[in-house]
Structure formats: C-alpha cells, structure tokens
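Please examine the model shown here, and consider how its parts touch one another.

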Amino acid sequence: MVSRIAVDVGGTFTDLVFYDDESATTRVTKVPTTPANPENGALNAVSEALSQEEVGASEYFLHGTTVGLNSLLQRVGAKVGLLCTAGFRDILEIRRGDRDEMYNLFWAPNPPLVPRRLRMPILERVRADGVVHQPLQSEDVRAAHEVFVAENVDTIAIAFLNSFANPSHEIKAMNLLREAGFEGSISLSHQVSGEYREYERTTTTIIDAFVRPRMTRYLGELGSGLKNAGFKGNLLVTRSGGGSFTFGEASERPFETIMSGPVAGAEGTGELARLLSMGNFVAADVGGTSFDTSLIVDGRPRLLYEGSVVGLPVQTPWVDVRSIGAGGGSIAYVDAGGLLRVGPQSAGADPGPAAYGRGGVEPTVTDSAHVLGMLGDGQIAHGIALDRNLSSGSLKAIASNLGFSVEEAARGVLKIVTATMSNLMREITIEQGTDPRELWLLAFGGAGPMLGTLLAKELGTRGVVVPPHAGNFSASGLLGADLVQAAARTRIMRLSDDNLLMANDILDSMFEDLEVRQNAGGAISRSRHVGLDMRYAGQEHSLTVSIECDASGKITWDADEVRHEFTQDYERAFSVTMEEAIEIVSMRATVRSPLPKREREKVRAVSERKHGNVRTWSFESDDWREFQVLDRSAAGAGAVISGPAIILEQTSTTYLDGGHSALVHETGCLVITREESNA
Amino acid sequence: MPSKDVFIYRAASQREAPPADTDPVTTEVVRHSLNSAANHIKRTLVRTAFSPVIYEVLDFASAIYDVHLRLLAQAPSLPLFMGTMNFCVEAAVKCAGGVDALEPGDILLHTDPYGTGSHPQDAAVILPVFLNDEILVGYTAIKGHWLDIGGKEPYSTDTVDVFQEGTIYPGLKIYKRGQRDEELFRMIMSNTRVPKMVAGDINAQVAGVLAGKRELLRVVERYGLEKFHECVEAMFDHGEAIVRQYFEKIPDGRYVGQGEMDNNGVDEHRVPFEVTVEVNGSTVRVDYSNTPDAQPGPINCPLPSTVSASRVAISMLAGGGEAPCEGHFRPIEVATRPGSMFHPSSPSPCFLYGWPALQSIEVIYNAISKAMPEAVPACSGGDLAALVWWGVREKTGEPWADGSPHPVGAGAHIGGDGATMMHAAEAATRFSATEIWEAKNPWLLERVEFSPDSCGAGRYRSGLGVDLHFFMFEDAYVTSAIERSFNQPWGLHGGKSGRANSARLRFADGSYGESFAKATRLKVPKGSTLELFTGGGGGYGPAAERAVEAVEADLREGYITEAHAREHYPHALE
C-alpha cells in the first residue's frame, strides 16, 4: 500500500506522476495550470489520470507548489501589521543599505510588504545576551492593536530585536493581542527563525504572515477536494529546505514552502543519484524561461540557511538551487555594442517561440535549435508542431546584423546560452570544492535533454544522464521526498567538550519540539541529524558541518573530532585553514523519515514508430549530418543508441550528437557518454 | 582652465587591432567567463574574511587584469576602488622590480597611498598569473580595507603627512614562489592594533586571488592564448562602443559643477572646488585642473582615486547598467593639475581621499545636470557618514575595533522619489545588522530609524536620512569622518535641498555635546550615546508639482509631518 500521487504545479502546466505499487509502474499526465485557483488544475489532473480506486488506494499525495512564491511575486497576500522594537520602525526599508543593481544609479527597492503606518513601535528592549534592558510597555501593544483593528489587518507579525536570545517579549505581546481580542494569525520571529540578523528575520516573519491565509486556504481546498475524490492517505508538500511535511504543518509554517517548486527537481536528482550510485551529479533543469541548477554530493543537494526571493531574504533552510533567466524561450538579440546576447527576456508560454506560430516574432533558443534540426521534425509536446519558416525567419534580423547566415546565428545563440548555463554550474560546483570533471550532468525539463551534451562538453563532465519522463522530472522528484522537520538556534560559544554538552541540551529540547511537529502518521522510521554552524573565532560567515550523533540526536563526537571535521570541510571549500580557535554559532536539528521504498519500473521496448532521418547540425563534427530519429520507448534496458540521433518522447527531445552513445539503463535513464571516453 | 601643466590620463589603449572577423559569440562567452571568475574571487574573500569591514561592509574590490594592466573583469564590490586597481598593480609590480622580477607563486602586498590611491589601510594583494609557470597572462588582485595598519590612530581626520596614516608596504612579496615570507608577516603583525583580524584578512585575500588565478587560467586554457587575446580586444571595443553611444547623445560643450569640502580636517576654512565636464563628440573629459592646491590636511585625493571617481560617475551613467571593463573607460579622459588636491604627491596627507573623490562624483553629476537635468539624480546625502570605533574590553582586556559607513537619502530624479541606501560610490556596500553589532561590541543601538522631514521636497522627493543612536556599555573611542555638514544636498530642476549630515554626543546626564562632523579619537564615555544624523537628498522638480496623493501618502505613512507639508506642499492641503 505505498502507491502515491505527485503533483507539481508549474507556470504553464500542472504535471502529475502516479506510482502504482501493484504493478510498479509510473504514469504521467499534464493538464493546463489554472492560475486563479491552482488547486483546480491539481484536482483536474487527479480526476483525469486516476480512477477512484487508484485514488483511494494511494497512501501519499506529494505536492510541489508555487502558491507562496507567486503570492510574493505578485504581492497579493494578507494585510500584515508589524510590532517592532521602538526605534527600529524602518528596518524593512533601510535594509542593509545595499543595491540589488550596483551599476544602476536610479535603482530603488520595491515598496515594503508592510507600509510604515502598520509598523508599530513598541517600547521594549532585550540585549544581545538575552538580558531585558527595557521591559515591554503593554500599553503600546494595546494601542497598536487598536490601529490594526481600525485598518482591518488580517495577520500580525511580531519581530523584536534579539528575540532569538530571549523570546519572552514576543510571547507577552502575542498574549496581549489575544487578550485584546485579535483573532487572526500571529507570526513570532523567534518561532519562524531562531537566528540573528534583524532585517532577515523580520522579513521572513512578515513573509510568513503575508502568505499564510492564502496558503492555508489553498491547502485546505486541495485537501478537501482530494478527500472528496476518495483520497484517505497523507497529504505532503515539499519544503524549501528539502523533504516534505504535512499540509497541516505547511499551513502553520508557510514560509518554509516558498521554494517548494524548484526544489523538487534537486531532490529528485538526489534520489536518482543515490539509486544510480554513479557518483556526484549536477542538475540541469532547462525550462521555458529559467535554468535551475544544483549540485548533488553524496546523494544530497547542498542546504543553505538563507535564501532570497524577489530581493527579499528568507531565513530558513534552502536547498541550494540557483536560477537564471535562460531557457527554451529566452530571446536572442544584438546589443548596443554589437555583441550577440541571449535572455533573460523570454517569450514564455505566450506567445512562445516564433516557431510555435502563436504570434511570437523574436528569435528564441528553441527557434535556434529547431533551425539546426535538433528538435527532429518539430513535433514537440502538447501537440505543437514547429514551423521551420517561422523559426528561421525570426533569426534573420540578428543574422544580418552580425553578418552571419541564419544557421550561424542559430549556432551562436546555442553556444552563448550553453556557456551562460555552464558558468552558473561551474560557480555552484567549484564553490563547494568539487571538480566538474568528476560529475555527471542530469539533464531534464522540457529543453534539458536537447542541450545536455552541449552543456556536458562545455563543463567537461563525465557524461549526461537523461531520466525517464525528463520533461516531468520535477514531479517525479516529489515521489521520493522524505518527511523532514528542521529547526535552528543561534548560541555563539567556543568549541569545547563542555560546550558540546550544552549544545546537546539545547538540541534535546529542539528535537522534542520537532517530534511534536513530525506527526504525519504511519509507522515510518525516524532518524535524527545534527549540524553545527561553525567558524574560526573572529569570522562572521560560518560553515555548516554534519556532526555524528546517536539515535536520540546526541552528539557523539568530542571537540577534537568536531574540530577535525570542520577543518576538513573548510579546506575543501576554501583551500586554506587557520590556526584560530573555533566557534559554534548555531545548532541545527533535523528529523527525517523516509517514505517507504518503491520498486523501480523495468523498461521494456515497445512498438516502434518509423521516423525518417533529419539533417541536423553536429557540434561535434562542426558540420551538417544526417541524424536518425527514433522514439525513446523503442529502446529497452541494455540497448545502446549510437549518435547521431534525435530521441523523441512525450515531453522532451534528446539531442544525441555524433561521437556519443546512449546506454538505456535498467532504471530507464539514458546514460550518454562520448565514445572516446569509453575507450 | 587647461594650462600647460595639465596632466591628462587616458585608459590603456588597445595594443593591436583585433582581427576584423573576431567572433562575437566567443567574445560574449569569454566576457561571461571572466565576470564569473571575478565573482568567484569575491565569494571566496567574503566567506573567509575576519573583519566585518570586508565580510559585511564589502569594503574591497576584486578584479582581474591582463598583462597590459587593462581591466578584464571586476566583481560587484566597492565602486570607488574599481578604477584604481590598475594603478595598484602597476605600482606594486614596479616596486617589486618590474615584470622580470615576478615568478610563479609570488604574491605582492602594496599599501603605498600614492600607488593604490587609497589610505594605507586599503591593502592591495596582487597575484601575477602565469600560464604553464612560464607566460605571464595577467593579474588577479584584491584591494581590501584592513581594520588597522598602524598609523597615529586606527582612523584619522587630522593627519598632516602620509607617515602618520599607517605603515607603507611597497610592493613586497608576501609569498615568494608559493612560500609565505614569515619575516615580512611578523613585521605586518607588529604594525597593527588588531593582528588577529589582519592575519585573517590577509589569508582571505590570498585565498581570493588564488581562486581567481585558477579561474583565469581555465579561461585562457580553454580558448588558447591567441583566441583569448582576440576576444579580450573585441570585448574592450564593445564596452567602449556602449559608453561612446551615450555621450554622442549629450550636446557638445563644457559644463561646470561646483563642490565644497567642509574643511580639510586641519584648518577650519571651507574648501570649494569645481570640476568641468567637457563633452566632445563621444569623448568626455573630466577636468580637475581648476581645483585648489594640495591641502595640509588629509582630504587630498591621489591620482588613482581621482581617475576612479571619474570612471565610477561616468560608467554608472553610461555603462548600460553592466559591470565595466577597460573598454568602458576609453572614452573618458581625466585632466588634473599636479600639485593640486586631486593630484597631490607624497607626503601630502590623504587619509580621507575617499571624501573628495565621492564629492567629485556628485559634482560631475551636477555638471552634467546643466546639459541634461533628466539624465542624473539630484544630490544624495552625499557622504558615507562613516564612524570607526575602537577600545579595550573591560572584562578581557582584548582590543576591539569596528567601523562602517551608513546609509543616506538618495537624490530624486525624473523617474521618481529617491530611496535610502549607501552612497553610489559604495553601491554594493552593506552596513551591519544591529544584532550582529550588539553580539560583538560593547554597545546597544537605541535607534536606527528614518528621520521624518529630512528629505528634499520636490515633484519627486529624495530618500530620508537616518538617525542612529549608539549607547555605550563601556568607554570607547570613535573617529567620525563626516562630510557635507554645512552644505545641504542640492535639489535639481527646482527641487529643494534635504538635511545635511551631523553627529553629537548625549551624555549620561542628558546633556548634549557640540555637534561635530570630522573628529578624531573622540572619547565616548560609558553611559553616553553617540547620535548620528545622516543626510537626506535633493528633490527633483518644483514641490508645487508633487501629486496630491503622493503628499497624502507621505503624511499617512509618517515620512513627513504636517508642518513640512504646509511649508512645501500647501497645494496638497487645500
């Protein structure tokens, strides 16, 4: 009984992947996203793809959502009131004083999520060490409440200075608001984040209050819709920091879902990497407008502990997925100085690339690939047939501007877009002390398999892996998401055996809280994990180091062993080490419960459709060549496809250049290597 | 007025014409890779640095140069350092005995203000990059602010020669063939009040330039030296074309901007100066030749920073919002008069070089506004409003030091109101979080908040100035480097001026000290509070044209008071 349903809501399409435990098979569906009420699209996908019995027999519903993210992007959310420390009313607007665009003289930040009149200063003050410097003035809270009532505020955020060291004032202020009769939700900064830096923590708390009503309503509607459809299992949503948690928990901590969407691809890459046991991976998720990448070391993406969205910091665990505006729809142009540039502007889904024939006229990456034959005969997903006249026509202007032929311009566009993507992958890789040449590149998203071999060459990876259902891979990534709860607390202290004992006491109480939250039901095993943020005394930035602990979450290493681990990690990241003493900055507690294992589907060859050859540009031989065109489903496990070939499937197209071959792995993955590297 | 002793500085010109068929695709790819490499230097430095001035404030620049000292790429960091780095590399290499004296594995340290353009605390660490340990292909360099490098105080506004300002390390090899010079290192540690922090920051700078070396070599190896050179030339041409196109739109002519320093830090009198911007076709000359003689106090700006200020002002305006390379600088000529405060010579004191440099950026925009008021913003708070703190902790006896610039109001412009942020000369700079400050330093911030009415009124108003109150738990010392305390930031096109910068002490008994701007080693006793008031900016357009709804919103949100509205926007209150 471990059948499960995964639904990923994207900007254009809502993807469903169903794993049927009986037959150990997966099924894929795509329906249009319904932006006004995204739960409808998700429910449509379920009713379209699954019978009532299948829904009723499913144990888990796994979900990746962009509702929180879109709420921030569109700035549609709750009317939030803020209680802040008197004298610090403008933290949101003063920020850290920097500019997002440093060479733009006229840059200004977006207006704050809470206008100044709803940011109420409260006389109170806690010092950095937790000592109360100025007791809370209850009158101020009551006066603020009256303003909030008069202004019809939906939710309230409370963020006082140094509350991570002593939360009593935040708790007292919340109680006063409740006594005064406030019934909306209240977000407390020390519960949202136990870490220091007031601008970042205040912003995160406000984001929590801002997206909460919409997220709660959305998850409520989706949950009851699924219940009506016969679903009786667990409802789970992906966290920005990886893993998943229940709908109930997500309604309580909605800020943890902001990156839910993009993270699914990274998590899926991690799971696949653990399954394949081929070493470390870099994920290349090429969509219509954006390129997302993450590095998978030892089967897991890296976690960061602060993210950023639309220029706002979010102080919560954050899977290190980097994104740039480069994808199949990215528009190419010649800039004022005469260089060919690609993106970040995108033709998006509407009108889409010129070749779609929906009114787009500007040349895109997809148009360029089409001109070069990389998309076969141009029958792509969703019944769209590309028009060669339109794609080559769109490139004429830039070609003549550069003195190029249309094909030369198209090749230029692909070279630039792959270089841009490769640079981002290089940055994320070498930053972590990993050599790209030791990696496999996992290519997915609608346009990933088309660019995979070009990216691998630019980056010098060992090869490319194209997963099954590559165009829906983010949704299938959800299927394996563990249940995760995590918390952090800042307490700056020297690394010593005594202080590790103190850390264990703090971790103990953190784990207790987490166990209460980890209530998804089902007899699933739980494991506890500990991380310590550490640095050399005197530094500010810290490294998070995984620390060995026993089943109860107690650190089992002594100070010397912890020091050794930190020093190794530090050297790997920065190539140097120091003689200084080491400090612990924050403790991180994680509870993880894997979902039951699922059987992998065996790949079998199915009936073969006949396709002709297509004249396609070979970047390998720098010339036009005849590429065979075939269906991906035509090759069973163990088969080897030799390039040059164009491999078609439902939602993406793989470009397999000459000199490359693709082995069909038993998992259904195409494992692509250059032939000389096999020798 | 240009006279025969005027000195003209131009960007490094192109060495050889690029082949006509240089490929615009590979050029774009190389340009991208170089910027990515410069970013990698920055990230490594920030993550490993010890002093908040580097990791939080980002008071540094990281850049990559070619063998001809032309800027290949720079990571977004301190703009005012941006244009000085070629001077740093050139001077350091010269001091070290020239290019022939460089060997693979060498790393140079240079702190001579007349080579770096900065005060001695701004230490340049430079790594010559060799391909295959043989061919010099360029340099990776970081100029970063150390918290202390000796000198008469950790920070000074009243020095009378460079020797009071800090220790000068002239192009010394801190690493020789990959080995650290331990004797030199001991010497450096002996000449700073905070050796641990400086040791940590040197380490971070070395890690940064090493990371940059690996990345630069990767790009060169990927394309081969010949192709790399071609692409670089084409990349420079591209940057040059962008800036030239901008200036072709500005009518030819000479435009004069006026500026003034409060004083020179030693004498009381004000120091007015003017900068002329001369547009001739697509070339722009920024002319400092009509500025006063070098001053007896530290507001002299060595040539590298004069050139840099001009480059910052022009490339921010005309660079299309992108990271500049050497090409962007080619249309810019800088004219100076040797012996003047914008082209002084050693040993003229120059500790506050950044303050006249920063003023000159505003003055250049003031000049350009006379040709095209819509092209530039009104004056900002016009200062870094910097405070540098130090003391000895009561309990442990450990010395501590910290320092930061603070945000000011940005000037309004034809596109809308100004916001509040760091001065454009420090555009990527951040100031510390109160909670980080309080976890480290013996103080409590009583207030970090907008000051209502501190903005310049106009059709568009400026950003607001900020009030910061630092309450001391222990005795501390501060040097305050604040400029524009007399001159309010000017409005543009009929806009009004905003609040000027200032500071004062409030003692434990509630009494106030005199208002001050530049002050060195001021004692802030335990129990007293330093109140810093940063400037607003200038407004744009007549206040009578401000939309009624905008005035109402400002009142509702408390950005302005009714009195301010009555004075400047009576039309909105009718």
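The following paragraphs treat the domains of chain A and then the interface between the two chains.

The structure is a predicted model. Chain A is divided into domain 1 (3-71 + 216-275), domain 2 (76-212), domain 3 (338-417) and domain 4 (483-593). Domain 1 is thus written as two stretches of chain A, 3-71 and 216-275.

Consider next the pair formed by domain 1 and domain 4 of chain A. Their C-alpha centres lie 31 Å apart. Ten residues of domain 1 of chain A are in contact with nine residues of domain 4 of chain A, where contact requires C-beta atoms, placed from the backbone, within 7 Å. On the domain 1 side, strand E11 (234-238) and strand E12 (244-246) of chain A are the elements that give two or more residues. The greatest contribution to this side is that of E12(A), with three residues. By residue class, the side of domain 1 that touches domain 4 comprises six polar, two nonpolar and two charged residues.

The contact between the chains may be read in the same manner. Here 56 residues of chain A are in contact with 70 residues of chain B. Four elements of chain A each supply at least two residues of the side that touches chain B: helix H4 (91-94), helix H8 (198-228), strand E22 (340-346) and helix H13 (406-430). Which of them provides the largest share of this side? The answer is H13(A), with nine residues. The residues on the side of chain A that touches chain B divide into 24 nonpolar, 18 charged and 14 polar.

Conventions:
Residues are numbered from 1 along each chain as its sequence is written. Chains are lettered from A and ligands numbered from 1 in the order in which they are written. This is a predicted model: local features need pLDDT of at least 70, side-chain atom pairs count only at pLDDT 80 or more; totals for chains, interfaces and linings use all residues. Two residues are in contact if their C-beta atoms, placed from the backbone, lie within 7 Å. Ala, Val, Leu, Ile, Met, Phe, Trp, Tyr, Cys and Pro count as nonpolar, Asp, Glu, Lys and Arg as charged, and the others, Gly among them, as polar. Domain bounds come from an automatic or database domain assignment.
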